[in-house]
Amino acid sequence: HASAADTILHNGTIYTLENDQASPVAAIAIEDGVVVATGSDAAVLEADTVIDLRGAWVIPGLVDAHAHMYNLGFFLSRVDLRGTKSAEECVERARAFAARLPEGAWLRGRSWDQNDWDVKEFPTRELLDEAFGDRPVYFERVDGHAGWVSTAALRAAGIDDTTEDPDGGEILRDSNGRAIGILIDEAETLISEVIPKPTTGEIEQYFK
């Protein structure tokens, strides 16, 4: 065992989880970030820092490999449209967010649902165009099965009134055959394929 340590934690309930039958110990010694002693062996060492746990628990770091941390950060980087009562309210929520974006950057939003609105109809691109001009806008519906996009986003994806519906998807159109700015299911991939991939800095920010 080591004769000294950087830090000693003692007077607590410390689970080392060294094996399935491991019982808690009362002290643990750490040197250069590595556990060098536990239990009575740790309690007798000298250390620069000695922390009295006063009965607190200590456990190894919990690693959850299925927490979708990246997706959570990604969602938080978009406009939250949950609970809106109209298409106009979606736009108002997004205005301040858009003002912080660089010129030309995509404005992303999530979780609108026209079934919660006073007027339960799909919105159109005109409202987005009026509010955000030539900025490409892509707001995903709450269930992920529809996207509401601006004219600039349609243009970036090469979608016009003559674009055929992809297999498994639909480009909603008005009575004149004009794309209204709502893409269903696989039609959304036409947009997602042209959205710039996140930079390393953006990915780091999502995790933060």
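Okay, so the largest pocket: about 530 Å³ of space lies in there. Keep in mind, please, that this is a predicted model. What lines that pocket? There are 19 residues in the lining, and Trp106, Arg108, Pro196, Glu202 and Tyr206 lie nearest the centre. If you sort the lining by class, you get 11 nonpolar, 4 polar and 4 charged residues.

Which helix gives the most to this lining? That's α7, with 3 residues. On your screen, look for α7 at 200-207 and α2 at 69-76, since each of the two supplies at least two lining residues.

Now hang on to Arg108, one of the residues nearest the centre of that pocket. Arg108 also has a salt bridge, and its partner is Glu140. The closest N and O atoms of the two are 3.4 Å apart. Where do the partners sit? Glu140 is in strand β8, residues 137-141, and Arg108 is in strand β7, so this pair links distant parts of the chain, 32 residues apart. Buried or exposed, what would you guess for these two? Glu140 has a relative accessible area of 19%, and the cut-off for buried is under 20%, so Glu140 counts as buried. Arg108 is buried as well, at 14% relative accessibility. And there's a third member here: Arg78, Arg108 and Glu140 are linked in a network of salt bridges.

Why would side chains pair up like that? Well, side chains of opposite charge can pair when their charged atoms come close.

How many salt bridges are there? The count comes to 10. I'll show you two others besides the one we just saw.

Here's Asp80 with Arg110. Their side chains meet in a salt bridge, at 3.7 Å from N to O. Asp80 lies in strand β6, residues 79-80, and Arg110 lies in strand β7, residues 107-112, so the pair ties together parts that are 30 residues apart in sequence. The two ends have their own surroundings: Asp80 is partly exposed, with a relative accessible area of 26%, whereas Arg110 is buried, at 11%.

Next, Asp143 and Arg141. This salt bridge has an N to O distance of 2.7 Å. Asp143 is partly exposed, with 36% relative accessible area, while Arg141 comes out at 13% and counts as buried.

Okay, let's move to a tryptophan. Find Trp148 in strand β9, which covers residues 146-149. What is its relative accessible area? For Trp148 the figure is 0%, so this residue is buried. Its side chain has a polar atom, and the backbone oxygen of Thr124 lies 2.9 Å from that atom. If you want another distance to try on your own screen, go from Trp148 to Pro198: they are 50 residues apart along the chain, and their C-alpha atoms are separated by 21 Å.

Thr124 takes us to the last stop, the second largest pocket, because Thr124 is in the lining there. This pocket has a volume of about 160 Å³. Other lining residues include Lys85, Glu88, Trp117, Asp118, Glu121, Phe122 and Leu127. How do the lining residues divide by class? You get 6 nonpolar, 2 polar and 4 charged.

So, if you turn the model around later, start from Arg108: this residue lies among those nearest the centre of the largest pocket, and it shares a salt bridge network with Arg78 and Glu140.

Technical notes:
Residues are numbered from 1 along each chain as its sequence is written. This is a predicted model: local features need pLDDT of at least 70, side-chain atom pairs count only at pLDDT 80 or more; totals for chains, interfaces and linings use all residues. Side-chain values use heavy atoms; hydrogens and water are left out. A salt bridge is a side-chain nitrogen of Lys or Arg within 4 Å of a carboxyl oxygen of Asp or Glu. Helices (H or I, at least four residues) and strands (E, at least two) are DSSP runs, numbered from the N terminus. Buried means under 20% relative accessible area, exposed over 50%, partly exposed in between (1.4 Å probe, protein chains only). A polar contact is a pair of N or O atoms within 3.5 Å; within protein, one must be able to donate a hydrogen and the other to accept it, and residues adjacent in sequence count only if both atoms are side-chain atoms. On a 1 Å grid over the protein atoms alone, a cavity is a set of points where a 1.4 Å probe fits but cannot get out, and a pocket is an open set with protein on both sides within 12 Å along at least five of seven lines; lining residues have an atom within 4 Å of a point. Grid points are joined across faces, edges and corners, and a volume is the space filled by probe spheres set on the points. Ala, Val, Leu, Ile, Met, Phe, Trp, Tyr, Cys and Pro count as nonpolar, Asp, Glu, Lys and Arg as charged, and the others, Gly among them, as polar.
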